[in-house]
Amino acid sequence: QAQIGGRSSSYSLTFREPYFLDYPVSASVSIFNQERDFDSYSEQRKGGSLVFGKTFTEYVTGSVGYSFQKLDIFDLQPDLSTPDPTDFIAPPLVVEQAGTSTTSSIRLTLARDSRDFFLAPTRGSRHSIAIDYAGTALGGSNHFYKAVADSVFFFPVVWGTVVSAHGRLGYAHFTKVDGTLPVGERFFVGGIDTVRGFDFGEAGPQQNGEPIGGNKELLFNLEYLFPLVPEAKIRGVLFFDAGRAFDFGESIRLTELRTSVGAGIRLYLPIGPIRIEWGFNLSPKPGEKGNAVEFTIGSPF
């Protein structure tokens, strides 16, 4: 897989054996490299994972996996308004974690998937929970736990149209008394995969005008999909998004969720769905754009 953008890029290579050693257990090994440029710094993640999965029923699957990841935070932009070369415009949280850190973690997942077609579902649902743990016994310099629950429903309506409803709740915390949650493990809400109409991480905590993510997230997505050119597998979408990331010391409050509406086009090609979507921020704050057009290849949510 490869995804290349103006500010981010990711590459991964995965080999999967669905019937490992003639047992009804799947095994997969992956390596990856991800890079993202922020306004005041850049980050790069490199690593790999080994995952074993099991199908319990027609719809229910589970997996256990191990991953090792190296995170580099670099290219911090200096604050030119001061003569001190150690002053940066990057958020203090990022400056504190600049350099290289490592994460050695295990992940447990459980999912129930009854969708009729995973690329372009018209009915069914998918529910999942994933728990990550990176502790002292596993090595690595980062120690935390993280849990994400995710649900999405699809309902056929009329004339080939479909309504989908999606929700996600996430929580993460460090495990050492004097520890900190790595920037790379925080929840960044804002962008085409969370709340459209916002820049990446904009619907969440910020420092020095830069998103720093939160240790909690809550988001909802409601979509109405309709056929535009059925023969070419092209569909249109109207959507409403609501969500936000919340930091330590903040409570999750529905009244503080950021909201947006918009429309888009989806093309279902052999390489995967192509999404072009235009979101409108319903209550832009000073410094925020009123809308954003985004493009990506991959299934939503």
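Okay, one definition before anything else: a residue is called buried when its relative accessible area is under 20%, exposed when that figure is over 50%, and partly exposed in between. Keep that in your head, and keep in mind too that what we're looking at is a predicted model.

So, let's start with Phe38. Is Phe38 buried or exposed? Its relative accessible area is 10%, and because that is under the 20% cut-off, Phe38 counts as buried.

Now for its partner. The structure has 11 aromatic pairs. One of them is Phe38 with Phe200: the ring centres are 6.0 Å apart and the planes make an angle of 50 degrees, so we call the pair tilted. What I like here is where the two residues come from. Phe38 is in the loop between strand 3 and strand 4, while Phe200 is in the loop between strand 9 and strand 10. That's 162 residues apart, so this pair links distant parts of the chain. Phe200, by the way, is partly exposed, because its relative accessible area is 32%.

Those two have company. Which residues make up the aromatic cluster with Phe38 and Phe200? Tyr41 and Phe188 join them, and the four form one cluster. On top of that, Arg36 has its charged end over the ring of Phe200, 3.8 Å from the ring centre. You'll find a similar story at Phe239, where the charged end of Arg196 sits over the ring, 3.8 Å from its centre.

One more tilted pair: Tyr224 and Phe226, at 6.1 Å centre to centre with 35 degrees between the planes. Tyr224 comes out at 30% relative accessible area, so it is partly exposed. Phe226 has 23%, so that one is partly exposed as well.

Okay, moving on to Ala130. You'll find Ala130 in strand 7, which runs over residues 124-134. Its relative accessibility is 16%, so Ala130 is buried. How far is its C-alpha atom from that of Val148? The answer is 5.4 Å, although the two residues are 18 apart along the chain. Leaving out residues up to four places away in sequence, Ala130 touches several others, among them Arg107, Leu108 and Val148.

Last stop, His143. This one is in the loop between strand 7 and strand 8. With 10% relative accessible area, His143 is buried. Its side chain reaches the backbone oxygen of Gly140 at 3.2 Å. And, again skipping residues up to four places away in sequence, His143 has contacts including Ala134, Phe174 and Lys176.

That's my tour, thanks for listening!

Technical notes:
Residues numbered from 1 in each chain as written. Predicted model: local features only at pLDDT ≥ 70, side-chain atom pairs only at ≥ 80, totals over all residues. Heavy atoms only, no water. Helix = DSSP H or I, 4+ residues; strand = E, 2+ residues; numbered from the N terminus. Buried < 20%, exposed > 50% of the residue type's maximum accessible area, 1.4 Å probe, protein only. Contact = heavy atoms within 4.5 Å. Phe/Tyr/Trp six-rings, centres within 6.5 Å; stacked < 30°, edge-to-face > 60°. Lys NZ or Arg CZ within 6 Å of the ring centre and 35° of its normal. Polar contact = N/O pair within 3.5 Å; in protein donor to acceptor, adjacent residues only side chain to side chain.
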